[in-house]
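Please open the structure in your viewer and keep the selection panel at hand. The stops below each begin with something to select and then describe what is there.

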Amino acid sequence: MIHFHQRSLARALRALSPAIILAACSPDATAPSGGPETAPAMITRSSTLLTTAEPMYAAGTAPLIWQDTFDSVTTDAAMLSKYATASANYMHLDATGGINGSHAARIDWKASTTCSDASRVLEKDFAQPTNEIYVQYSVRYTAGAAFDWSGRTKCTGNAKNLMLLWPGSGALFSFTSENHVLGAGSTNDHPLFAQNTNSAVTDEMLGDGNWHRITLHVKQSSTPTTADGVIEGWIDGVQRWSMQNVASNASGGWTLMKMPASFNAGSPLTQSEWLDGLTVWGPVTVVPSSIIVPPPLPTPTPTPTPPLTQTAPPSISGTEPSYASGVNTLLWQDSFDAKGTDAGMLAPYATMNNETGIHFDASAGLNGSGAARIDWTAQNSTNCLDQSHLMEKSFTPSQEVYVHYSVRYQPGFLFDWTNLQGGLGCTGNAKKIMFLWAASGSR
């Protein structure tokens, strides 16, 4: 959603999929109440920071608590027999879905219809409780995975637990995505500890369809409230949490692990995640004779991007606005459905002379609906002229306007000539995405 007031510069609108909505603000309109559940942003509490290399398990140097590559089993039942489970019918052995085509555990989530919490649990009890523990695993999510309901309807759950550690008594240790922020800490720590880096990994980055390695090191404090515990974490070999002198709010050692845990209010989308390379070990007891070199990060696995799921727009509640009949003045709306032909779709718009690059696509829109498809032809060293495809729509002049649309670009789409070499010859550095024209003055 883009909101412009008076002659604000435009930011985004073309290569369109349903629906385009332009709305003007009505001064006497009353916005409906309500909105998504919110919680404070996660923050890093005061602690002494550690900076260490990502730990890797080495046989003979530390006690191995549990290890599973999922490669030694051939059926769902055999894979799940090693664990206590919840919702086992949604967890499967994927014979080729792991790192480099190996086996993996695949966990399927169905979009919630009840707004109640949903769990998929692989639970592993440890033979003996341990006060200090390392957990490492690789995870891949469906490209475009949604980790909570923030900015969506109809549910308001704001978190997905990614991994949980149970103590002998007291608070759990939680690795969680909450309100689009990854946090780690005791369930008594709320907000959870945030990443101690300026370039934090977001859940959108984690849900890009590629493999990511997670390593967590957690040490219980000497008493539940004594500030001498440790929390460290790495994502893809880069340290993201590094703090000591924290209270674990727990005692009795860590006794079991649960993953991939649960969605608050259920999953927002039908989506999956894959687990591989799970290793759990205790503190180092023998210093290795040489530095252990971490293995290369998992090879990215191409995963098709799922189509956007079209849902009812959220209410206007101070977050992303959405058009509401009777509240806003509708200036223009087009879902591009049932147009039949290019000419029928383009009839309501002004276009460039001899336009041949804009077409009606009957099934390329959201959920297989209609869409406008804009095709671009590559320029070459002898033809570096500006190129335009325009769908122009006039509307009643308004001092304040909202523009709402969905857009999808071909994978690997290039927006300018920056860093393109090899005698191509052109040097353009921009692609205009949308314009708003004022009655006079600047666009």
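The tour starts with confidence, then moves to a strand and its partners, the aromatic rings, the charges over rings and the disulfide.

**Confidence**

Colour the chain by pLDDT before anything else, since this is a predicted model. The mean pLDDT of the chain is 83, and 79% of the residues reach 70 or more. Select residues 7-15, where pLDDT stays under 50 and for which the model has 36 contacts beyond four places in sequence. Then select residues 25-48, another stretch with pLDDT below 50, which has 62 contacts in the model beyond near neighbours in sequence. Where pLDDT is low, the predicted coordinates should not be read in detail.

**Strand E14 and its partners**

Select residues 229-235, which form strand E14, and show the side chains; seven of the seven residues are buried. In a regular strand the side chains alternate between the two faces of the sheet. Here Gly229, Ile231, Gly233 and Ile235 point one way, while Val230, Glu232 and Trp234 point the other way, and all of these are buried.

Add residues 212-219, strand E13, which runs antiparallel to E14 and is joined to it by six bridges. Within this pairing, histidine 217 has glutamate 232 of E14 as its bridge partner. Next add residues 238-246, strand E15, which pairs with E14 in the antiparallel sense over seven bridges; there, tryptophan 241 of E15 stands opposite glycine 233. Between E14 and E15 the hairpin has two residues, and aspartate 236 in this hairpin takes a positive phi near 55°.

**Aromatic rings**

A search of the whole structure finds 11 aromatic pairs. Select tyrosine 134 and tryptophan 281, whose rings are stacked, at 5.3 Å centre to centre with 5° between the planes. Tyrosine 134 lies in strand E9 (residues 132-141) and tryptophan 281 in strand E18 (residues 271-281), so this pair ties together parts that are 147 residues apart in sequence. Both tyrosine 134 and tryptophan 281 are buried. Adding Tyr57 to the selection shows a cluster, in which ring pairs link Tyr57, Tyr134 and Trp281.

How do phenylalanine 413 and phenylalanine 415 compare, and what is the angle between their planes? Their ring centres are 4.8 Å apart and the planes stand at 65°, so the pair is edge-to-face. Phenylalanine 413 counts as partly exposed at 25% relative accessibility, and phenylalanine 415 is partly exposed as well, with a relative accessible area of 35%.

**Charges over rings**

Select tryptophan 66 together with lysine 124, which lies over the face of the tryptophan at 3.9 Å from the ring centre. Then go to phenylalanine 435, where the charged end of arginine 443 sits over the ring, 4.3 Å from its centre.

**The disulfide**

Finally, select cysteine 115 and cysteine 155, which are joined by a disulfide with an S to S distance of 2.1 Å; a search of the whole structure finds one disulfide. Cysteine 115 lies in the loop between strand E6 (104-109) and strand E7 (118-119), and cysteine 155 in the loop between E9 and strand E10 (159-170), so the pair ties together parts that are 40 residues apart in sequence. The torsion about the S-S bond is about -85°, so the disulfide is left-handed. Cysteine 115 is partly exposed, with a relative accessible area of 32%, whereas cysteine 155 counts as buried at 1% relative accessibility.

Definitions and conventions
Residues are numbered from 1 along each chain as its sequence is written. This is a predicted model: local features need pLDDT of at least 70, side-chain atom pairs count only at pLDDT 80 or more; totals for chains, interfaces and linings use all residues. Side-chain values use heavy atoms; hydrogens and water are left out. Buried means under 20% relative accessible area, exposed over 50%, partly exposed in between (1.4 Å probe, protein chains only). Helices (H or I, at least four residues) and strands (E, at least two) are DSSP runs, numbered from the N terminus. Two strands pair if DSSP finds at least two bridges between them. pLDDT is the predictor's confidence in each residue, from 0 to 100. Contact means heavy atoms within 4.5 Å. Rings of Phe, Tyr and Trp (its six-membered ring) pair if their centres lie within 6.5 Å; planes under 30 degrees apart count as stacked, over 60 as edge-to-face and the rest as tilted. A charge sits over a ring if NZ of Lys or CZ of Arg is within 6 Å of the ring centre and within 35 degrees of the ring normal. A disulfide is a pair of cysteine sulfur atoms within 2.5 Å.
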